[in-house]
Amino acid sequence: MSAPTAPAVERAAPGDIAELRQLYYAVYGPHYPTAFGTDPAVMARLIEDPHTLWLVTRCPRTGALTGSAAVHGEPGSRLGRLEGLAVHPDQRGSGLAGLLTDALCRRVLDAGRLDSVYATVRTVSAGPQRVVSRNGFRPMGVLPNAVDLDSRESLALYARYSPGVLERRAPVAEVPGPLMPLLRTAERTLGISYADTRATAPAPAPSPAAAAELEMIEAPAFVRRRFRDRFPDAAHWFYPLHTPNVLLVPADGSFEVYACLNRAGGYCALVAGHPGPAVAAAHLEPITRALTRAGAGYVEALLPLDRHDLLSAGLAQGFIPSALYPAMRREGDGFHDYVVMSRTTEQIDFRGLVADAALQPFLDSYVSAWASTYLPSREVAS
């Protein structure tokens with residue numbers, strides 16, 4: 001008896017879009033929160049995008065599409081995002097998820113096209129974590145309440161690097177003390193060192209600005225154009241690979257905050273602030289309040305680890321260090337570390353979260369940081 005034929009891995013084509021939408025519906029039902037697997041126009045653009053590699057697998061016998069995944073990048077960046085990993089329910093356990101992940105990483109990381117690729121992985125079961133772990137991804141942290149599917153789910157952040165990248169990290173002299181547990185967890189889990197980084201007291205919270213109400217402009221094409229005019233250099237964004245679709249401004253127009261809001265998934269990423277990131281840090285409370293009213297139960301910002309001022313401002317306004325992304329951004333011959341600071345306005349329930357052994361220390365670190373932020377310190381009455 002001949003061995004079964006291995007499924008071929010090939011690039012997605014525009015003619016695959018209808019079948020791809022059926023695949024994502026079969027895997028996620030009607031709750032898939034991104035346009036990646038639901039909007040034909042977006043899918044066609046990504047398939048043709050030179051900075052995106054989208055691969056699919058087909059059944060050798062019937063030719064039916066059985067799996068899909070992509071790595072999405074952008075001009076001027078050597079960072080990629082693994083997204084849309086889906087295997088048809090009839091093919092679960094067949095190894096297709098690992099086959100697709102390995103093929104993508106070999107083509108973009110081993111070939112030197114990108115410095116690192118990250119993935120946000122579901123935690124309702126251990127399977128997705130094991131898939132990326134077996135393919136060289138390492139855990140970086142937990143993103144609590146990060147997406148609303150059937151219910152609120154927490155995600156895990158994982159990343160895989162090209163050879164030599166982690167060894168070229170720029171040193172960080174000091175960080176606010178509440179970040180040290182996360183750094184110590186990363187040291188043990190990733191084998192990197194912060195021995196020369198000292199913990200110092202967080203900077204005082206910025207003086208409360210006048211309680212200006214923020215106007216939210218939801219005109220995606222206009223927001224994109226204005227964003228590109230304000231920030232032609234991606235180095236000034238908080239969050240790469242996130243295109244803003246909403247703009248927050250006060251009545252006097254003194255500052256602008258750009259964000260990527262996903263109403264279907266109930267989450268938002270802060271992308272940039274004009275005239276600088278400090279202005280967003282000084283107004284995090286009204287910004288978060290406006291986004292919460294718009295349906296974002298989870299808000300995050302990706303901040304440089306060496307920006308003590310920005311990290312302190314986030315801590316002062318209830319943002320928690322949730323994940324660390326060492327060597328995320330290349331500058332010259334070195335790489336700079338970043339931190340995901342997150343805040344959720346909904347109750348966190350970790351009872352359904354499944355964490356493998358490598359991820360568990362990051363979950364413990366988050367729970368400790370949350371308790372330090374939101375639970376009162378115990379006082380003993382004399």
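Mentor: Buried means under 20% relative accessible area, exposed over 50%, and partly exposed in between (1.4 Å probe, protein chains only). This is a predicted model, in which local features need pLDDT of at least 70 and side-chain atom pairs count only at pLDDT 80 or more, while totals for chains, interfaces and linings use all residues. Residues are numbered from 1 along each chain as its sequence is written, and side-chain values use heavy atoms, with hydrogens and water left out.

Trainee: Is Arg351 buried or exposed?

Mentor: Arg351 meets Asp349 in a salt bridge (a side-chain nitrogen of Lys or Arg within 4 Å of a carboxyl oxygen of Asp or Glu), with 2.8 Å from N to O. Its partner Asp349 has a relative accessible area of 40% and is partly exposed. Arg351 itself reaches 77% relative accessibility, so Arg351 counts as exposed.

Trainee: Which residues do salt bridges that share partners join into one network?

Mentor: The structure holds 20 salt bridges. Among the residues involved, some are joined through shared partners into one network, and these are Glu10, Asp16, Glu19 and Arg58.

Trainee: How far apart are the closest N and O atoms of Asp115 and Arg78?

Mentor: Asp115, with a relative accessible area of 6%, is buried, whereas Arg78, at 33% relative accessibility, counts as partly exposed. The two residues stand 37 residues apart in the chain, and their pair links distant parts of it. They nevertheless form a salt bridge, in which the closest N and O atoms are separated by 3.0 Å.

Trainee: How are the rings of Tyr24 and Phe36 arranged?

Mentor: There are 10 aromatic pairs in the structure, a pair being rings of Phe, Tyr and Trp (its six-membered ring) whose centres lie within 6.5 Å, with planes under 30 degrees apart counted as stacked, over 60 as edge-to-face and the rest as tilted. Tyr24 counts as buried at 1% relative accessibility, and Phe36 is likewise buried, at 4%. Their ring centres are 5.9 Å apart and their planes stand at 85°, so the pair is edge-to-face.

Trainee: Which residues do ring pairs link into a cluster with Tyr24?

Mentor: Ring pairs extend from Tyr24 to further aromatic residues, forming a cluster. The other members of this cluster are Tyr28, Phe36 and Trp54.

Trainee: How many residues apart are Tyr161 and Tyr325?

Mentor: The ring centres of Tyr161 and Tyr325 lie 6.3 Å apart with planes at 90°, so this pair is edge-to-face. Both tyrosines are buried. The pair links distant parts of the chain, the separation between Tyr161 and Tyr325 being 164 residues.

Technical notes. Helices (H or I, at least four residues) and strands (E, at least two) are DSSP runs, numbered from the N terminus.
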